[in-house]
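Here is a short report on a sheet and its helices. Look through the model first, then read on.

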Amino acid sequence: YVANVPDFPKEGILFRDITPLLSNADAFAYSIDQIVDFAKKHQANVICGPEARGFIFGTSIAYALNAGFVPIRIPGKLPRKAVTYSYDLEYGSNSLSMHEDAVKSGDRVLIVDDLLATGGTLEATIKLIESRGAEVVGIACIIELDELQGRKKLEGYNVLSLMHY
């Protein structure tokens with residue numbers, strides 16, 4: 001359910017493409033169900049997802065839980081006042097933004113994304129959420145690239161990865 005795409009987005013990177021998983025109804029449903037169970041176990045009441053693939057999984061999970069969904073976007077894409085955090089990627093750097101009122105103290109947030117690589121995107125998302133007083137109760141990913149050791153940046157957090165490479 002994962003296609004390997006060599007040299008994308010640049011030479012030397014082996015991209016793990018989850019679109020075959022998305023197009024298979026049973027595999028997609030299984031992935032959502034596993035993360036929903038994880039979210040329930042940690043009593044998450046808000047789901048956050050970094051763009052773009054975090055939106056795909058996160059909104060499905062939020063719907064299944066009857067929870068809210070908070071999009072984490074690149075700067076300049078949100079229409080209201082936002083908070084921003086910058087970080088490094090496996091192959092560059094990036095910044096993420098969230099509406100400043102998207103989460104609040106008392107919220108129990110599950111972060112959902114397709115991939116845990118270096119941990120930079122997830123760490124930035126944690127910083128955004130915690131800067132607003134909410135609690136990150138878990139992080140769920142479809143794929144984890146173990147050799148990049150991104151989980152080290154997430155020590156102290158409950159992490160679920162459905163597949164390891």
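Which strands and helix make a right-handed β-α-β unit? They are β7, helix α4 (residues 120-131) and β8. The model is predicted.

**The sheet.** Five strands form an open sheet with parallel pairing. Their order is β4-β3-β7-β8-β9. At the edges lie β4 (68-72) and β9 (159-164), each paired on one side only. From one strand to the next, the twist averages 20°.

**Pairing.** Strands of a sheet pair through backbone hydrogen bonds, either parallel or antiparallel. Three pairs are set out here, each with a residue match.

| Strand pair | Sense | Bridges | Facing residues |
|---|---|---|---|
| β3 and β7 | parallel | three bridges | V46 and V109 |
| β7 and β8 | parallel | eight bridges | L110 and G138 |
| β8 and β9 | parallel | five bridges | E144 and H164 |

**Helices on the sheet.** Helix α2 (residues 25-41) packs on the sheet. Helix α2 touches β7 (108-116), β8 and β9. The direction of α2 makes about 160° with that of β9. Helix α3 (residues 53-65) also packs on the sheet. The contacts of α3 are with β3 (46-50), β4, β7 and β8. The direction of α3 makes about 170° with that of β3.

**Strand β7.** Is β7 mostly covered or mostly open? β7 is mostly covered, with seven of its nine residues buried. Both helix α2 and helix α3 touch this strand. β7 also pairs with β3 over three bridges and with β8 over eight.

Technical notes
Residues numbered from 1 in each chain as written. Predicted model: local features only at pLDDT ≥ 70, side-chain atom pairs only at ≥ 80, totals over all residues. Heavy atoms only, no water. Pairing = 2+ DSSP bridges. Helix = DSSP H or I, 4+ residues; strand = E, 2+ residues; numbered from the N terminus. Axes fitted to C-alpha atoms, helices over the stretch in contact; angles between N-to-C directions. Contact = heavy atoms within 4.5 Å. Buried < 20%, exposed > 50% of the residue type's maximum accessible area, 1.4 Å probe, protein only. Right-handed = clockwise from strand over helix to strand, strands pointing away.
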